[in-house]
Amino acid sequence: MHVLITGGAGFIGSQLAEYHLDRGDKVHVVDDLSTGSKENIEEFLEKPGFHFDESDILTWPGLDKAAAWADRIYHMAAVVGVYRVLAEPIKVLSTNIAGTERLLRAVHAGGWSPQVILASTSEVYGHTEARELREDAPLVIQSGARSRWNYAVSKLADEALGLSYARKHGLQITIVRFCNTIGPRQTGRYGMVLPRFIAQALREEPLTVFGDGTQTRSFCDVRDTVAALDGLASNPASGGEIVNVGNNREISILDLAKLIIRTAESASRIQKIPYLQAYGEDFEDITHRRPALSKLIGLTGFRHMWSLEETVQDLLDRARNRVAKVV
Ligand SMILES: NC(=O)c1ccc[n+]([C@@H]2O[C@H](COP(=O)([O-])OP(=O)(O)OC[C@H]3O[C@@H](n4cnc5c(N)ncnc54)[C@H](O)[C@@H]3O)[C@@H](O)[C@H]2O)c1
């Protein structure tokens with residue numbers, strides 16, 4: 001199979017590349033390395049069947065050719081991460097929307113219908129009161145919303161573009177709403193909580209919990225995520241559908257911090273930091289996020305292989321190995 005991955009030097013994209021290379025597929029990655037890194041794909045560069053272009057999806061000259069070559073496309077390239085979204089409120093809208101539009105135009109121009117997975121986010125559920133996030137629920141984003149919501153707005157536009165290309169041109173496009181993915185190669189640099197906690201616990205520094213820590217999240221291991229994406233792309237019934245991809249086990253951020261301290265056997269304590277201090281005025285948090293998974297399971301029969309405890313242990317082991325290799 002020929003697989004094109006935009007944003008393939010990022011966290012989820014590089015895991016997708018590894019997954020497909022392991023299956024003997026040919027993989028073409030394009031990434032501008034804005035939040036991704038060469039290090040994430042270093043081990044693939046010498047592999048036969050792997051090709052990397054360092055380029056911006058908005059201007060990449062190879063897009064039309066790659067889109068026509070691919071049997072499957074994962075569109076992961078986007079401006080992401082809460083720090084980046086707050087710092088770049090215009091770029092998040094322009095890059096995410098224009099990048100998706102350019103990709104879809106190229107797919108349509110290619111004259112046939114590869115399997116396309118478009119990355120969206122549980123952030124589109126916005127100010128919802130629902131405890132469980134269902135794909136068919138009405139979405140609530142307040143008018144004049146803070147720029148923190150620009151990311152969700154950009155991804156909603158991507159969803160609408162994807163669904164419109166699917167309906168109007170009969171393309172096989174599936175929208176996936178990721179919900180707090182975790183695992184190897186994720187960086188804490190742009191605001192992701194788990195890598196930050198792991199690094200703090202290993203340095204025996206305080207784990208910085210933003211807000212009171214009672215907000216809950218549901219974390220899904222990226223190795224489960226890529227298997228779910230493969231299952232969705234392989235099933236033609238997923239075409240034109242929006243599907244949550246995540247885990248439905250909820251944990252509070254305070255309990256997550258405690259789990260990491262316990263597993264790492266760290267002497268770290270927990271330090272609560274008000275949101276205003278952590279992110280500035282343009283931020284507001286959502287209290288709960290648990291994806292409904294019945295649609296994903298119905299389309300793929302998907303079952304999680306990784307528990308949160310196993311992922312935390314694995315990430316601690318990897319981080320300690322990295323330190324041991326350097327010392
Ligand atoms: N990780 C999560 O929990 C999560 C949650 C919701 C949605 N998502 C979505 O999943 C996708 C992958 O996210 P991730 O967590 O792997 O983040 P990431 O930052 O690691 O990956 C995004 C990749 O896109 C690249 N990129 C950004 N702008 C680009 C451009 N203009 N041209 C080419 N490449 C560009 C970055 O360098 C990076 O490698 C994103 O679309 C993101 O919005 C992720």
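## Leu-259 and its helix

Here, "buried" means under 20% relative accessible area, exposed means over 50%, and partly exposed is anything in between, using a 1.4 Å probe and protein chains only. Leu-259 comes out at 5% relative accessibility, so it counts as buried. This is a predicted model, where local features need pLDDT of at least 70, side-chain atom pairs count only at pLDDT 80 or more, and totals for chains, interfaces and linings use all residues. Residues are numbered from 1 along each chain as its sequence is written, and side-chain values use heavy atoms, with hydrogens and water left out.

Leu-259 belongs to helix α9, residues 253–264 (helices are DSSP runs of H or I with at least four residues, strands are E runs of at least two, and both are numbered from the N terminus). Other buried residues in α9 include Ile-253, Leu-256 and Ile-260. Beyond its neighbours within four places in sequence, Leu-259 is in contact (heavy atoms within 4.5 Å) with Leu-308, Glu-309 and Val-312. Just after α9 comes Glu-265, with a positive phi near 50°.

## Around the ligand

Now for the ligand: 27 residues surround it, each with a heavy atom within 4 Å. Among the closest are Phe-11, Asp-31 and Tyr-151. Strand β5 (115–121) and helices α1 (11–22) and α6 (150–169) each give the shell at least two residues, and β5 has the largest share, with three.

Backbone atoms come in close too. A backbone N or O atom of Thr-181 sits 2.8 Å from a ligand oxygen, and one of Gly-36 lies 2.9 Å from a ligand oxygen.

Key: A polar contact is a pair of N or O atoms within 3.5 Å; within protein, one must be able to donate a hydrogen and the other to accept it, and residues adjacent in sequence count only if both atoms are side-chain atoms.
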